[in-house]
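User: Please take a close look at one part of this model. Start from a single loop residue and its surroundings, then work outward to the rest of the chain.

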Amino acid sequence: MPVTRATLAAGLLMLSFARVSAEDAVSLKPTVTPVLDSSQTIIGQPLAYPAGIAEITASLIIVPPGGETGWHLHAVPLFGYILEGVLTVDYGGDKGTHTYTTGEGMLEAINWPHNGMNKGTVPVRILAVYAGAKGVPDAETVTH
């Protein structure tokens, strides 16, 4: 049986896939980069989950340049991850402010008023994951 160009091309293609998959097998595995490992909030509070039926809520929060979240608090643990931008959070009084940058994770204060501000020129995009309970709001507006 004569070898055609198509047969030869198919054979070479199969060999190249076999070689690539064997050589690159290690690079095809996922990498794990820890973002946060803590049992305390940013202001040193121990994590405490609310009583009731557990409920996880995830939200994408976008704060435009010059914008702010307004003073609010969370009655449930909140893990936040800065996808883009720089967020400055004022915790008031002796707790001061903290600046979070792209790629940084945080465990937000629980039942502590704070205000997030975007002092930069690009929108701040935050992935917020709340470890709450049915019927317990993820955030509440407060006067400061």
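Analyst:
**From one loop residue outward**

Threonine 41 sits in the loop that joins helix 1 (5–23) to strand 1. The model is predicted. Where does the 6% relative accessibility of threonine 41 place it, buried or exposed? Buried, because 6% falls under the 20% limit. Beyond four places in sequence, threonine 41 touches Leu47, Leu107, Glu108, Ala109 and Ile110.

Two of those partners lead onward. Glu108 and Ala109 touch threonine 41, and both also appear among the contacts of histidine 114. Histidine 114 belongs to the loop between strand 6 (105–107) and strand 7 (115–117). Its relative accessibility is 1%, so histidine 114 counts as buried. The side chain of histidine 114 comes to 2.7 Å from the backbone oxygen of tryptophan 112. With neighbours up to four places away set aside, histidine 114 contacts Gly70, Trp71, His72, Leu73 and His74, as well as Val89, Asp90, Tyr91, Glu108 and Ala109.

The loop between strand 6 and strand 7 also holds asparagine 111. Phi there is near 55°, a positive value in a residue that is not glycine. Asparagine 111 is partly exposed, at 46% relative accessible area, whereas histidine 114 is buried.

**Into the core**

Valine 89 is the next step. It is a contact of histidine 114. Valine 89 also touches Gly96, Thr97, His98, Tyr100, Glu108, Asn115 and Gly116, again leaving out residues up to four places away. Glu108 therefore recurs: it is a contact of valine 89, of histidine 114 and of threonine 41, a residue that is buried at 6% relative accessibility.

Which residues make up the largest nonpolar core? There are 11 in all: Ile43, Val63, Ile82, Leu87, Val89, Tyr91, Tyr100, Met106, Ala109, Val124 and Ile126. Strand 4 (86–90) and strand 8 each contribute at least two of these core residues. In soluble globular proteins, nonpolar side chains tend to be buried together. Val89, Tyr91 and Ala109 belong to this core, and histidine 114 contacts each of them. Threonine 41 touches one of them, Ala109.

**Out to the surface**

Strand 8 covers residues 124–133 and includes leucine 127. Leucine 127 has a relative accessible area of 33%, so it is partly exposed. Together with Leu60, Ile62 and Leu83, Leu127 forms a nonpolar patch on the surface. The patch has about 330 Å² of accessible area.

Strand 8 also carries arginine 125, which lies 41 residues away in sequence from glutamate 84 of strand 3 (residues 78–84). Their side chains form a salt bridge, 3.4 Å from N to O. Both ends are partly exposed: arginine 125 at 31%, glutamate 84 at 32%. Side chains of opposite charge can pair when their charged atoms come close.

How many salt bridges does the whole structure hold? The search finds 2. The other joins glutamate 55 to lysine 134, with the closest N and O atoms 3.1 Å apart. This pair spans 79 residues: glutamate 55 is in strand 1 (residues 54–63), and lysine 134 is in the loop between strand 8 and strand 9 (140–141). Glutamate 55 is partly exposed at 27%. Lysine 134 counts as exposed at 53%, because the limit is over 50%.

Proline 137 lies in that loop between strand 8 and strand 9 as well. It is partly exposed, with a relative accessible area of 39%. Its C-alpha is 7.8 Å from that of histidine 74, which sits 63 residues away along the chain. Histidine 74 leads back to the start of this path, as one of the contacts of histidine 114.

**The whole chain**

The chain has 1 helix and 9 strands. The helix comes before the strands, in the order α-β-β-β-β-β-β-β-β-β. Of the 144 residues, 27% count as buried; threonine 41 and histidine 114 are among them. Among contacts with a separation of 6 or more, 78% join residues 24 or more positions apart. The chain exposes about 9300 Å², with carbon and sulfur atoms supplying 62% of that area.

Technical notes. Residues are numbered from 1 along each chain as its sequence is written. This is a predicted model: local features need pLDDT of at least 70, side-chain atom pairs count only at pLDDT 80 or more; totals for chains, interfaces and linings use all residues. Side-chain values use heavy atoms; hydrogens and water are left out. Helices (H or I, at least four residues) and strands (E, at least two) are DSSP runs, numbered from the N terminus. Buried means under 20% relative accessible area, exposed over 50%, partly exposed in between (1.4 Å probe, protein chains only). A polar contact is a pair of N or O atoms within 3.5 Å; within protein, one must be able to donate a hydrogen and the other to accept it, and residues adjacent in sequence count only if both atoms are side-chain atoms. Contact means heavy atoms within 4.5 Å. Patches are made of residues with over 30% relative accessible area and no salt bridge: like charges are joined within 9 Å, nonpolar side chains (Val, Leu, Ile, Met, Phe, Trp, Tyr) within 5 Å. Accessible areas come from the Shrake-Rupley method with a 1.4 Å probe; for residues, only the protein chains shown count as cover. A salt bridge is a side-chain nitrogen of Lys or Arg within 4 Å of a carboxyl oxygen of Asp or Glu. A nonpolar core is a set of buried Ala, Val, Leu, Ile, Met, Phe, Trp, Tyr and Cys residues joined through side-chain atoms within 4.5 Å.
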